[in-house]
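Work through the exercises below with the coordinates open. Try each task before reading its solution.

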Amino acid sequence: MTPLDITVHNTPQGLATAAQTLLQHAGQEKVWALIGDLGAGKTTLVRALCAQLGVQDNVSSPTFALIHEYATATDVPVYHFDFYRLHHADEALELDCTAYFDSGHYCFVEWPHTVVHWLPTPYYQVHLTPISQTSRRVEASMYYPPLATTPLPYPSGAASDTADG
């Protein structure tokens, strides 16, 4: 997949077009990691994505709830996570976030850095960068973790199978 790099204008038509473009670009990928500073437009983008998917619920940031579940007109769930307040990945596991990620339904994850090792691979990664008060740069691509090219060393004091016995 070729990475996508677009400018999104913060107008209803600009957001709708961007959401449609991103959904087409992502193809069948349902788990999205949304990356950007505070105020970059992550929740605004999720609102536009949900509208394109047919969600009629009020879409808002789940900062305090950590997760919001929406439904499309055909009652298909869409999950929206905001892990800004998490300090450890274990807190997300208490929500059983991996069950959501493995559900086959859209999962839009704001502030994914705390749970990145729980995200299925590959996942769709979207970076948002403000250009001005009315526009954002959006860069999107599939994310595949790098493959280890050399074996990891044993931790200090751990036995290895090459140790003399």
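The exercises go from the overall fold to single residues, and the model is a predicted one.

**Exercise 1. Fold inventory**

Task: State how many helices and strands the protein chain has, and give their order.

Solution:
- Step 1. Count the elements: the protein chain has four helices and seven strands.
- Step 2. Read from the N terminus: the order is β-α-β-α-β-β-α-α-β-β-β.
- Step 3. Add the burial: 40% of the 165 residues are buried.
- Step 4. Check the contact range. Of the contacts between residues at least 6 apart in sequence, 55% join residues at least 24 apart.
- Step 5. Turn to the surface. About 9,600 Å² is exposed, and carbon and sulfur atoms supply 53% of it.

**Exercise 2. The partners of strand 6**

Task: Find how strand 6 pairs with strand 2 and with strand 7, parallel or antiparallel.

Solution:
- Step 1. Take strand 2 (residues 31-35) and strand 6 (residues 123-132): they run parallel and are joined by four bridges.
- Step 2. Fix the register here: I35 stands opposite H127.
- Step 3. Take strand 7 (residues 135-143): its pairing with strand 6 is antiparallel, over nine bridges.
- Step 4. Fix this register too: T129 of strand 6 faces R137 of strand 7.
- Step 5. Look at the link. Strand 6 passes to strand 7 in a hairpin, through two residues.

**Exercise 3. Two nonpolar cores**

Task: Identify which residues have the most contacts inside the largest nonpolar core, and which elements supply it.

Solution:
- Step 1. Size the core: it has 29 residues.
- Step 2. Pick its best-connected members: L22, W32, L49, C50, F108, Y124 and V126.
- Step 3. Trace the suppliers. Strand 1 (4-9), helix 1 (12-26), strand 2, helix 2 (42-53), strand 5 (106-110), strand 6 and strand 7 each give at least two residues of this core.
- Step 4. Rank them: helix 1 gives the most, with six residues.
- Step 5. Separate the second core. This one has 16 residues, including F83, V109, V115 and Y123.
- Step 6. Zoom in on C50. Beyond its neighbours within four places in sequence, C50 contacts V55, V59, Y70, V78 and F108.

**Exercise 4. Helix 2**

Task: Compare the span of helix 2 with the expected one, then list its buried residues.

Solution:
- Step 1. Take the span: 12 residues reach 16 Å from the first C-alpha to the last, close to the 16 Å expected at 1.5 Å a residue.
- Step 2. List the buried positions: K42, T43, L45, V46, A48, L49 and C50.
- Step 3. Read the spacing. An α-helix has 3.6 residues a turn, so residues three or four places apart point the same way.
- Step 4. Find the cover. It includes helix 1, strand 2, strand 3 (67-71), strand 4 (77-82), strand 5 and strand 6.
- Step 5. Step past the end: just after helix 2, G54 has a positive phi of about 95 degrees.

**Exercise 5. Backbone exceptions**

Task: Which residues have a positive phi although they are not glycine, and which peptide bond is cis?

Solution:
- Step 1. L66 has a positive phi of about 75 degrees. L66 sits in the loop between helix 2 and strand 3.
- Step 2. L66 counts as buried because its relative accessibility is 15%, under the 20% cut-off.
- Step 3. W111 has a positive phi of about 55 degrees. W111 is in the loop between strand 5 and strand 6.
- Step 4. W111 counts as buried because its relative accessibility is 16%.
- Step 5. The bond from T121 to P122 is cis, with omega near 0 degrees. P122 lies in the loop between strand 5 and strand 6.

Note on methods
Residues numbered from 1 in each chain as written. Predicted model: local features only at pLDDT ≥ 70, side-chain atom pairs only at ≥ 80, totals over all residues. Heavy atoms only, no water. Pairing = 2+ DSSP bridges. Core = buried A, V, L, I, M, F, W, Y, C linked by side-chain atoms within 4.5 Å. Buried < 20%, exposed > 50% of the residue type's maximum accessible area, 1.4 Å probe, protein only. Contact = heavy atoms within 4.5 Å. Expected span 1.5 Å × (residues − 1). Areas by Shrake-Rupley, 256 points an atom, 1.4 Å probe, with all protein chains shown as cover.
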